[in-house]
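Student: Could you take me on a close look at the sheet in this one, and what packs around it? I'd like one connected story rather than a list.

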Amino acid sequence: MSPKSIVRSEVGLWMIHGNLQTPKVWHPITTQLHQAIDPKFNLSIFLEDLWDSPGDSLEEWAALFCQRVQPHSFKSRFLLGYSLGGRLAFHALLHQPELWQGAIIISADSGLESECDRNRCLQRDKAWSNKFLHDKWANLIKEWNSLPVFCRRQPTYPVLEKDFSRIKLSQVFQIFSKGHQNNLLPNLQTLNVPILYISGSEDMHYCQVGQKLDRHCSSINHRTILHAGHRVPWENTNSFLPVLTHFLTRDYNTQKAN
């Protein structure tokens, strides 16, 4: 097959950041992604801004998000979500699975199993919600980054008060709390959409989540990235990017080879 006869791929990738992040955290990664991918792949990237996204629940957010994505005419649509963005991505996949050709979920919880755990989580998130309305920013960020989930690693990007609305932060902690999220595992088991679940090797909790999803869901494959904690894309970009690139382009590369 001559290069001119290769069918041009028209691919859209929607990327959803996590809590206490803005869309610009993706900029270094998207720059390198465009450099790594064959230009003929024709990749378009959309950076979702959670602080401007409507939705008063996880389910409502997913429905409105899919409604915005639907008019974009692509041969393939992919979804990528990190942490809170990953939980929202799970809901978008379940809301309209036929919209997506694949998804990359990073360090995200599929849901707590017991009502007791959900209630405890909701109380913690309510406390955080109140803190973000009243406490000093420097103290908040220090306390946030000291949470065990971050594996004693500091963010590689700035987290500046001027980039956020405290009111919206406070609302997100309550509206999108895992305390309001159902255990999605039974529904994820019904999906046929290929999903790559990524966790950092130092993030033991989300490694266990990934292993469980891999074990129980035929469409989900778990991949561990070495030398990374919870914030995988920024803590080991050099290992994360090839994994992401391979997942996005595997069908395209197969067509080229044939």
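Tutor: Sure. Keep in mind that this is a predicted model. The sheet is an open one, built from 6 strands in the order E2-E1-E3-E4-E5-E6, and the pairing is parallel. Its edges are strand E2 (43–48) and E6, each of which pairs on one side only. From one strand to the next, the twist averages 20 degrees.

Let's start with strand E3 (76–82). Buried residues make up 7 of its 7, so E3 is largely enclosed by the rest of the structure. Both of its faces are covered: Ser 76, Phe 78, Leu 80 and Tyr 82 are buried on one side, and Arg 77, Leu 79 and Gly 81 are buried on the other. As for its partners, E3 pairs with E1 in the parallel sense over 6 bridges, and there Trp 14 stands opposite Leu 79. E3 also pairs with E4, again in the parallel sense, over 5 bridges. In that pairing you'll find Gly 81 opposite Ile 105.

Leu 79 is worth a second look. The largest nonpolar core has 77 residues, and Leu 79 and Trp 100 are the ones that touch the most other members. If you click on Trp 100 and ignore neighbours within four places in sequence, its contacts are Trp 14, Phe 65, Cys 66, Val 69, Arg 77, Phe 78, Leu 79, Ala 92, Leu 93 and Val 193.

Phe 65, Cys 66 and Val 69 in that list are also among the buried residues of helix H2, along with Leu 58, Trp 61 and Ala 62. H2 covers residues 58–69, and its 12 residues reach 17 Å from first C-alpha to last, close to the 16 Å expected at 1.5 Å a residue. Looking down the axis of H2, the buried residues fall within an arc of 125 degrees, so they line one face of the helix. If that pattern seems odd, remember that an α-helix has 3.6 residues a turn, so residues three or four places apart point the same way. What covers the buried residues of H2 includes E1, E2, E3, H3 and helix H6 (166–175).

Now go past the end of E3. Ser 83 sits in the loop between E3 and H3. Ser 83 has 19% relative accessibility, so it counts as buried, the cut-off being under 20%. Leaving out residues up to four places away in sequence, Ser 83 touches Ile 106, Ser 107, Ala 108 and His 230. Next along is Leu 84, which is in helix H3. Leu 84 is buried too, with a relative accessible area of 6%. With the same neighbours left out, Leu 84 touches His 17, Gly 18, Asn 19, Leu 50, Val 172 and Phe 176. Phe 176 is 92 residues away along the chain, yet the C-alpha atoms of Leu 84 and Phe 176 are separated by 7.9 Å.

Next, follow the sheet out to the E6 edge. E5 and E6 run parallel, joined by 6 bridges, and Ile 198 stands opposite Arg 223 in E6. Two helices to look at here are H3 and H8. H3 packs on the sheet, touching strand E1 (11–16), E3, strand E4 (102–106) and E5, and its direction makes about 145 degrees with that of E3. H8 packs on the sheet as well, touching E5 and E6, with its direction at about 150 degrees to that of E6.

H8 spans residues 204–216, and its 13 residues reach 18 Å from first C-alpha to last, close to the 18 Å expected at 1.5 Å a residue. The buried residues in H8 are Tyr 206, Cys 207, Val 209, Gly 210 and Leu 213. Down the axis of H8 these buried residues fall within an arc of 160 degrees, so they line one face of the helix. They pack against helix H3 (84–95), helix H7 (185–188), strand E5 (195–200) and strand E6 (220–225). Flip to the other side of H8 and you get Met 204, Gln 208 and Arg 215, which are exposed.

One last stop, just beyond that edge strand: His 227 is in the loop between E6 and helix H9 (232–235). His 227 has a positive phi of about 60 degrees although it is not a glycine, and at 57% relative accessibility it counts as exposed.

Terms used:
Residues numbered from 1 in each chain as written. Predicted model: local features only at pLDDT ≥ 70, side-chain atom pairs only at ≥ 80, totals over all residues. Heavy atoms only, no water. Helix = DSSP H or I, 4+ residues; strand = E, 2+ residues; numbered from the N terminus. Expected span 1.5 Å × (residues − 1). Buried < 20%, exposed > 50% of the residue type's maximum accessible area, 1.4 Å probe, protein only. Arc of directions from axis to C-beta. Contact = heavy atoms within 4.5 Å. Pairing = 2+ DSSP bridges. Axes fitted to C-alpha atoms, helices over the stretch in contact; angles between N-to-C directions. Core = buried A, V, L, I, M, F, W, Y, C linked by side-chain atoms within 4.5 Å.
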